[in-house]
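Welcome! Open the viewer, keep the selection tool at hand, and follow along one stop at a time.

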Amino acid sequence: MPEIDRRDFLKIAGLTAGAAAVACKEPVHNIFPYVHQPEEVTPGIATYYNSMCRECPDGCGIRVKTREGRPIKIDGNPEHPISKGRLCVRGEFGHMRTYDSARFAGPMKSATDASGAKSLVKISWDEAQGLFVDALKKSAGKAVFLGGRESGTLDALLDQVLPAIGAPHRLRFEPYAYESLRSGNQLVFGSEAVPQFRIGAADVLVAFGTDFIETWLSPLANQIGLADSRREGKGFAVFVGPRLGLSAANCDQWLAPNPGSEALVAIALASEVAQRRGGAPEALRGLLAKYSAKSVAEKTGILAPTLEGVADRIAKASAPLALPPGVELQGTNAARFAAAVQILNVVSGALGKTVVFGADHTLGKLGRFQELSELAGKMRGGEVGLLMVHGANPAYSAPQVGLADALRSGNVFTVSFASAPDETAQLADLILPDHTAFESWGDAEPVKGTKTLQQPTVRPLFDTRAARTSPPAASATCSSRPGAAARASTRRWRAAASGRSFPRAAHRSRAAPARSTSRSPRSRGTPPIRCWSSTRHTISTTAGCRA
Ligand code: SF4
């Protein structure tokens, strides 16, 4: 064996050590203190922001506790008319979406490798915007925007921008769009409007398979209402339905009629209450008379005395309330079932007391399931060239319409604005990731007259962009009046805020987002509350959001 020269040995050893050092290098994590500390930030002391929960379309007011520019705890805003200082469990963990390690770190496009397998690869925003604009131009007039239940400025902005970029077709999709309730209201009241059901004001509540505690209409307001109605031992609640779920378990009485006969129970109760109370039109009482508790007992499996007992309670109540069917009692006769429950509300005198029209839920624009099914058919048939998906995941929540197959067919170029992977985004050709609700501005009007603002509480953690800027940016390329719609929308937002603080805050946010907007020196010593609007404003994230 030849001898190793000492110099060669040292060279080899040196190179090996260098290679090992490179291979074993620890990842570097820099912790930068506030070398230039923002004037309003005191490290170690929490800063609070009022904002809005976007975990469901209900838009509850929240109060976000932040430490050194990071949201760490969410609570309800005590001055918000929907949340009243409370929060549901989804809202409690809303900020964890922002910290989701699986989030899209930037724009992505679908690419096929040598083996034919598809995957998403990272691209720049310039390339992504170029691909988006190209797709818009190619599919002018054949582009569809599939969104969720938006009700604020973004909703109005999309209405203005989409026709300008050659995408006049828009579908607002929510898995449960209260279609039967809207149709039932049309049958009874001649209007599809969904009124307020004031559970908190009711002394006798009858829920017909309504999962009002879990997810129906405004779950947090319903929970608060139920607690209010039961205060000091008052209130009585009955659940009519096959499942002993959370809502049923929180009622005083559970009736489980034969499956499919629940609507008959509602009509029988209306009949018995009409007899006891009077006041209902003679013709209606005549029609209801043949559905007495005794006559439906065999079909429903509920003994007549039991039904009569519930009818007694309703007839004697000063503020009774019957809740139309929820998800678990949907079927081919769901609209007539909802109409039967509303008839019970009419004859019991609930209308105007606990069922109040006026400040209606903003559900009217939601697309019907049939429309989603038609969209999937058009996609398969090549009638749609571009699909933009924002705030909806129909490949998961409506698998029966075959939208996922239509996306896989290759007939449609799909753009997703999801901030994290979901079943629909996985099938998209282009991802333009949106900020999360904790990183961006926004607003909503879940109930007519109740407007709530959402503000960022943290700098965007990834290379994402607010979805409300992407279509307007495209309109700047496609439209003859670039950016006009976006400017008009911003004016609308400011006009809606109608005060001095909000525009100033919005301006400030653009200059120096979340981390530097912090506690006021004046409030040193007490937990500061960020109020973006003064008490005289008609819109507030803090006090009296009723416009
Ligand atoms: S009910 Fe309110 S707190 Fe709960 S997820 Fe919906 S908006 Fe958030």
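Start with the whole protein: of its 547 residues, 44% are buried. What you are looking at is a predicted model. Colour it by secondary structure and you can pick out 18 helices and 19 strands. For contacts between residues with a separation of 6 or more, 70% join positions that are 24 or more apart.

Next, select the ligand and the residues around it. Begin with Cys-53, Glu-55, Cys-56, Asp-58, Gly-59 and Cys-60, then add Leu-87, Cys-88, Arg-90 and Gly-91, and finish with Pro-219 and Leu-220. Two elements, α2 (89–92) and α6 (219–229), each give two or more residues to this shell. Colour the shell by class and you will see 7 nonpolar, 3 charged and 2 polar residues.

Now for the interior. In soluble globular proteins, nonpolar side chains tend to be buried together. Here the largest nonpolar core has 59 residues, and those touching the most other members are Val-206, Ala-266, Leu-269, Ala-270, Ala-340 and Leu-344. To see where this core comes from, show the strands β9 (204–208), β10 (236–240) and β12 (320–323) along with the helices α8 (262–277), α10 (293–300), α11 (304–316) and α12 (334–348); each supplies at least two of its residues. Which element gives the most to this core? Highlight α12, which contributes 10 residues.

Zoom in on Val-206. Leaving aside residues up to four places away in sequence, Val-206 touches Val-238, Val-240, Val-310, Ile-314 and Ala-322.

For a last stop, select Val-144, Leu-146, Val-161 and Leu-387: they are among the 45 residues of another core, which lies apart from the largest one.

Notes
Residues numbered from 1 in each chain as written. Predicted model: local features only at pLDDT ≥ 70, side-chain atom pairs only at ≥ 80, totals over all residues. Near = placed C-beta within 6 Å. Helix = DSSP H or I, 4+ residues; strand = E, 2+ residues; numbered from the N terminus. Nonpolar A, V, L, I, M, F, W, Y, C, P; charged D, E, K, R; others polar. Core = buried A, V, L, I, M, F, W, Y, C linked by C-beta atoms within 7 Å. Buried ≥ 20, exposed ≤ 12 C-beta atoms within 10 Å, placed from the backbone. Contact = placed C-beta atoms within 7 Å.
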